[in-house]
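Visitor: I would like a close look at a single part of this protein, the nonpolar interior and the elements packed around it. Please take me through it in one connected account.

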Amino acid sequence: MTQAEQLAGIQQRIATACGKANRPLDSVTLLAVSKTFPLDRILEFRACGQTAFGENYLQESLDKITQLADHPDAPAIEWHFIGPIQSNKTKPIADNFQWVHSVDRLKIAQRLSDQRPPHLPPLKLLIQINTSGEASKSGVNPDEAVALCLAVSQLPNLKLHGLMTIPSNTDDMAQLKAEFLLCKSIFDALNAQGLQLDTLSMGMSSDLELAIECGSTCVRVGSALFGARA
Ligand SMILES: *Cc1c(COP(=O)(O)O)cnc(C)c1O
């Protein structure tokens, strides 16, 4: 399959899922997760119309962003950081990304806000929720999520747009659904408190249909677009 066919296939899966969930087509965006794949693959998807790309590993992503710098397509690409964030890594993230999906501590959000260059628009932020309850997983505990989001929403150089979750690594659809719906319920509770969140980042290659059924507005798709990772 060509990359154009690969992309069209995912767009079709999203469209079918939106139809089944009675949701408008434009209520779900596709984030192409390009970790481990080189810039030329990203540019091929860009040529097919894809604009948003997600990266997990900071050094790898900075290498790609640097390589891209003088390319005519550079302004059309939107970079999303979706990996774990250590506090000594916040500065290059604040300098180089438009979106961050994986903030789970106030300290990290404060550093991103302090370090966001003044000539750039506010950094668009999602708070990662640990919906699986596994101690090893990133993400804030559901019962601490509202307080964290309210605090983050006050920071000056960030714009809190919503929530992200990575559910348990399981094929159990009922379990996955419960975790997606937990994230959606926190999202709804925050909006009921007046936060005006618009982005719920849930669903990957294997479960994007279920995530859309549960209210996702942004699916993060890697292997179903780029192929298996080494
Ligand atoms: C790798 C990754 C994805 C993409 O996973 P696929 O199963 O390859 O679609 C999505 N979100 C996050 C946070 C990831 O790390």
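Guide: What follows goes from the annotated domain to the core, then to one strand residue, the helices and finally some backbone angles. The model is predicted, and the UniProt record, an unreviewed entry, places the feature "domain: Alanine racemase N-terminal" at residues 11-229. Over that stretch the chain is 40% helix and 18% strand, and the C-alpha atoms at its two ends are 21 Å apart.

The largest nonpolar core has 63 residues, and those with the most contacts inside it are Ile14, Val103, Leu112, Leu125, Ile127, Leu163 and Leu225. Helix α7, residues 173-192, gives the most to this core, with six residues. Apart from that core lies another, of five residues, among them Leu31, Val33, Ala52 and Cys218. In soluble globular proteins, nonpolar side chains tend to be buried together.

Within the larger picture, Leu125 deserves a look through its contacts: leaving out residues up to four places away in sequence, Leu125 touches Val100, Val103, Ala109, Leu112, Val152, Leu158, Lys159, Leu160, His161 and Gly162. Leu126 is in strand β5, residues 123-129, and with a relative accessible area of 0% Leu126 is buried, because the cut-off for that class is under 20%. Neighbours within four places aside, the contacts of Leu126 include Trp99, Val100, His101, Ser102 and Val103, as well as His161, Gly162, Leu163 and Met164, and also Thr199 and Ser201. Leu126 and Val152 are 26 residues apart in sequence, while their C-alpha atoms are 9.8 Å apart in space.

Val152 also belongs to the range of helix α6, residues 142-152, which packs against α7 at an angle of about 35 degrees, with the two axes 10 Å apart. The crossing of α6 past α7 is right-handed. At this contact, Pro142, Ala145, Val146 and Cys149 of α6 meet Leu182, Ile186 and Leu190 of α7.

Two other helices can be read by their faces. In α2, Leu39, Ile42, Leu43, Phe45 and Arg46 are buried, and seen down the axis of α2 these buried residues fall within an arc of 160 degrees, so they line one face of the helix. Their cover includes α1 (3-20), β2, α3, β3 and α9 (223-226). In α3, residues 58-68, the buried residues are Leu58, Ser61, Leu62, Lys64, Ile65 and Leu68; viewed down the axis of α3, they too fall within an arc of 160 degrees, and therefore line one face of that helix. The face of α3 turned away from its buried side carries the exposed residues Gln59, Thr66 and Gln67. Among the elements that cover the buried residues of α3 are α2 (39-47), β2 (52-55), β3 (78-81) and α4 (90-96).

The backbone angles complete the account. Most residues other than glycine have a negative phi. Just after α2, Gly49 takes a positive phi of about 110 degrees. Thr36, although not a glycine, has a positive phi of about 75 degrees; Thr36 is in the loop between β1 (29-33) and α2, and at 42% relative accessibility Thr36 counts as partly exposed. Gln196, another residue other than glycine, has a positive phi near 60 degrees. Gln196 is in the loop between α7 and β7 (199-201), and with a relative accessible area of 67% Gln196 is exposed.

How values were computed
Residues numbered from 1 in each chain as written. Predicted model: local features only at pLDDT ≥ 70, side-chain atom pairs only at ≥ 80, totals over all residues. Heavy atoms only, no water. UniProt positions renumbered as here; feature names shortened; annotations may be inferred. Helix = DSSP H or I, 4+ residues; strand = E, 2+ residues; numbered from the N terminus. Core = buried A, V, L, I, M, F, W, Y, C linked by side-chain atoms within 4.5 Å. Buried < 20%, exposed > 50% of the residue type's maximum accessible area, 1.4 Å probe, protein only. Contact = heavy atoms within 4.5 Å. Arc of directions from axis to C-beta. Axes fitted to C-alpha atoms, helices over the stretch in contact; angles between N-to-C directions. Left-handed = near helix turned anticlockwise from the far one by under 90°.
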